[in-house]
Amino acid sequence: MLGITSYGAYLPRLRLRRAAIVQHMGWFAPAIMAVAQGERAMCNWDEDSLTMAVAAARDCLTGRDRSDLDALYLASTTLPFADRQNAGILAAALNLDARILTADFSAALKAGTTALITALEAIQGGERRNILVAAADARQTKTACFHEMWFGDGAAAFSLGNDNVIAAYKGSHTISCDFVDHYRGADRRFDYMWEERWVRDAGYRRIIPETVNGLLDKLGRAAKDVDHLVFPCFFKAEHRRIAKALGVAPENVIDNLHDVCGETGAAHPFLMMAAALDRARPGDMIVMAGFGQGCNALCFEITPAIAELPVRNRFEGALAARETTDNYLKFLKFRDLIQTEMGIRAEAPTQTATTVLWRKNAMILGLVGGRCEVCGTPQFPRADICVNPECGALHTQEDHPFADVPARVKTFTGDMLAVSVDPPAIYGMVQFEGGGRMTVDFTDCRLEDLRVGLPVRMVFKRKGVDPERGFSNYFWKAVPQPSTESGDEIRFDGRVAIVTGAGGGLGRAYALELARRGAQVVVNDLGGARDGAGAGSASPAEAVVAEIEAAGGAAVASFDNVATAEGGAAIVQTAVEAFGTVDIVINNAGILRDKSFVKMTPENWQAVLDVHLSGAYHVTRPAFEVMKARGYGRVVMTTSAAGLYGNFGQTNYSAAKLGLVGLMNTLKLEGARYGIRVNTIAPLAASRLTEDVMPPDLFAKMKPEFVVPLVVFLCSAECAASGQVFNAGMGYFNRAAVVTGRGVQPGDGDRPPDLEAIQAHWDQINDLAGAAEMTDAMAALMDLVAPPPAAGAEAPAAAETPDVAAVFAAMPDAFDPEAAAGVEAVFQYVISGSGGGDWQVAVRDRACKVKPGWAEQPTCTLIIAAPDFLDMITGRLDPMQAFTTGKLKIEGDVMASQLIGKLFRVQP
């Protein structure tokens, strides 16, 4: 079987918000606002197509033996060398065997898929066995143009072969034509772009469908067979239209990735394919197309081997590992689009001695050091003498690669005087696991990210460029990794949080803590007065965003009003556009309009409900949709002691706050199957809402920071609680709950009791002794109509435990025909464990039939383990307790199950 055996993906850590380009250059090119959604991936100053290809290839080769590769192809339209084989540098960085065949594919955006087809056909023909194909691009554009907005940087790689295939190759179809939508002359830096309408109407719209349909016809397949369709098109609307014209369902089309990274040139079909493989299942069919001077289309079918693929970063991991920035000038400097003074220190000679590069090629490009054959001590660089003072052997060094060896920070410093495109220059020493140390530059980090002992990962990066000779130098650098050894820090890396009312007080404190722990935060605040009056202000939200960014976090401001459906949707859209998703929602926004009840005007009543209760609905509903699709979510509602217990002069506020508890109670049920947890906090904290409500001395002690830990924990993946209410304030925490007392039934149950009966039983009705929480409305109803014995009641006499079959054999004799008047039902019992089985009990025309097996259409199904069933029959287990504890599960007409107690009097 021929096909893809592994895959890997890479996106630069830095992502530039497109809105930042508009903020800086919208005055000059206002039309670019039309495509300013989301963010684009941007290379760090020490990254280019080659370094990204190395990163993607390393991800692809995770858990694989590299020695079985006998060819390597690199595809890109932005290779650093025009006359030096870039694939050869890639092979050296991967420390591959020198006998490997290497080749560059370039000069068209479909170069990646061309290399893929070429590799597959080489293996198919028997010339090669295992080939690695990588594609990467970091295209340059002029400033303030649509293509600067559309493009992004990235890479992906596939290994191909006949063994352990995860995606079987079914065939390909190609159209080659000199369709010129853009070009770049051999002596030019930037592409010359033709009119966008031309590439859309005459290019994408015609060439891609023709190629894909040609492939499907060749294979005898139809569009309805396609489970995942992959093709590039930076026009989102056109991307959808092409898929529709092909007849592929919208849910089967891989997104064009504009919002999350931008189009990555020759690498883009590869990255989209990696996204498809992330979610593909055995049996799925993937059609992948690459566009540029024609089109290539390939078909693959997923195999069960995909489940056995070793864990790697994948596209999803590459997408999540990001730092969003609004620093457009940094983007321009990193791409050498603005000239800055670098000082005389930068005037040092930059010429590379290629003779030295050749002699030290394995060390420089492959990070290969030495290991003493006598004592086993590793060292970098390799030398003639062993560094172990107790050994000191001469000429005993064998090659020892360090690129994949774990290491830790030994020393580090940040140097503002050393030449650096992104000061300070951060460098120091790392210690490799098992021995060996070296001086390195640290990259993809901030100075505050480093500490001695922190784990690091070695990465292949650009060391510098000799502009006079056009020569790029490469070496290995260290990237710090978050430590997971202690296991005591809860992190939110890769999570996206929305905090409403986050311009101050509790909301600000929540946002800052979430960001400090790695979350990307939407800071929402209308900026209005405490009573909701006024037009609002952007300054509170912007100030909190500035705090987060100054601390190295990622955040965006939102000034939308939660009190409207449009505002709530816009808040969620801001999160999706800025960070790609929503994982956490804290409904914290609020206003106060306190009046005694008779003075409470309809306007004041509605205004408070609009912000607190409706506001939570407006934000949570669209966020809930995103969370359901992802299978994960955390929602925190904000109630109050006024809502739980009441407070004079706050009828509007109290009603809204307790309404949020009701909203939580239902959302906990609807979200449970999707991994969504919903809880509620009742905070007691100083804020502008409580500033003049509480005594000054008490107000001073009620810092929001004392509430934050519990709320942030409720937002974490580690929190499994759902549907619970917590009080928090001044460092104290407890849980609040609605509980239900034991049920009482005055009279015989056939006729309603009179008022005198209620009075006679009032103490029992009002008694909360033995009260319990209910899981949902049905549990509360069942608890009411089937109450457990009252406290102190005489327990049933112990009886000899029968077996399950004996219970069902006795049922016809225990049947009460008088109680069955008008009843027609089939009760299906599913009893697990030793002595269990399936039994059906049919009641009709005041008759009862009991037999083993399954009924075709049971009225309700009762599922229980045999020991619990027998305990319930003999009175040792209360039926309601069995139900509320999960020992008894009832499917179908739950209320019909209540008839069993009246229809049968089983006395085994």
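A cavity, on a 1 Å grid over the protein atoms alone, is a set of points where a 1.4 Å probe fits but cannot get out, and its lining residues have an atom within 4 Å of a point. Residues are numbered from 1 along each chain as its sequence is written. This is a predicted model, in which local features need pLDDT of at least 70, side-chain atom pairs count only at pLDDT 80 or more, and totals for chains, interfaces and linings use all residues.

**Exercise 1. Explore the largest cavity and its lining.**

Step 1: begin with the count, which comes to 4 cavities of 30 Å³ or more. A volume here is the space filled by probe spheres set on the grid points, which are joined across faces, edges and corners.

Step 2: find the largest cavity, which holds about 100 Å³ of space. Its lining has 14 residues, and His-147, Asp-181, His-182, Met-193 and Phe-234 lie nearest its centre.

Step 3: sort the lining by class. Ala, Val, Leu, Ile, Met, Phe, Trp, Tyr, Cys and Pro count as nonpolar, Asp, Glu, Lys and Arg as charged, and the others, Gly among them, as polar. For the largest cavity this gives 7 nonpolar, 2 polar and 5 charged residues.

**Exercise 2. Work out which elements line the second largest cavity.**

Step 1: the second largest cavity has a volume of about 70 Å³. Of its 13 lining residues, Asn-587, Asn-588, Ala-589, Val-611 and His-612 lie nearest the centre.

Step 2: two or more lining residues come from each of α16 (602-630) and α18 (651-671). Helices (H or I, at least four residues) and strands (E, at least two) are DSSP runs, numbered from the N terminus. Helix α16 gives the largest share of this lining, 5 residues.

Step 3: by class, the lining of the second largest cavity splits into 6 nonpolar, 6 polar and 1 charged residues.

**Exercise 3. Trace the open sheet of 5 strands and find its edges.**

Step 1: write down the order, β20-β19-β18-β21-β22, with antiparallel pairing. Two strands pair if DSSP finds at least two bridges between them.

Step 2: look at the ends. β20 (437-441) and β22 (471-480) each have a single partner strand, so one side of each is left without a neighbour in the sheet. Neighbouring strands here are turned by 25° against each other on average, direction ignored. Axes are lines fitted to C-alpha atoms, for helices over the stretch in contact, and angles run from 0 to 180 degrees between N-to-C directions.

Step 3: zoom in on one pair. β18 (residues 407-415) and β19 (residues 425-432) are antiparallel over 8 bridges, and Thr-413 has Tyr-427 in β19 as its bridge partner. The loop between β18 and β19 holds Pro-424, and the peptide bond joining Pro-423 and Pro-424 is cis, with omega about 0°.

Step 4: add the helix. α2 (residues 49-60) lies across β21 (455-466) and β22, at about 155° to β21; contact means heavy atoms within 4.5 Å.

**Exercise 4. Do the same for the open sheet of 8 strands.**

Step 1: the order is β25-β24-β23-β26-β27-β28-β29-β30, and the pairing is mixed. At the edges are β25 (554-558) and β30 (732-736), each pairing on one side only. The average turn between neighbouring strands of this sheet is 20°, direction ignored.

Step 2: check a parallel pair. β23 (residues 496-500) and β26 (residues 584-586) are joined by 3 bridges, with Ile-498 partnered by Val-585 in β26.

Step 3: return to α18, a helix that also lines the second largest cavity. α18 lies across β27 (633-638), β28 (676-684) and β29 (725-729), running at about 160° to β28.

**Exercise 5. Decide how far to trust the chain, using pLDDT, the predictor's confidence in each residue from 0 to 100.**

Step 1: the chain averages a pLDDT of 88, and 92% of the residues score at least 70.

Step 2: pick out low stretches. Residues 687-691 stay under 50, and the model has 11 contacts for them beyond four places in sequence. Residues 789-799 are also below 50, with 6 contacts in the model beyond near neighbours in sequence.

Notes: Heavy atoms only, no water. 1 Å grid on protein atoms, 1.4 Å probe; cavity = no way out; pocket = protein on both sides within 12 Å on 5 of 7 lines; lining within 4 Å.
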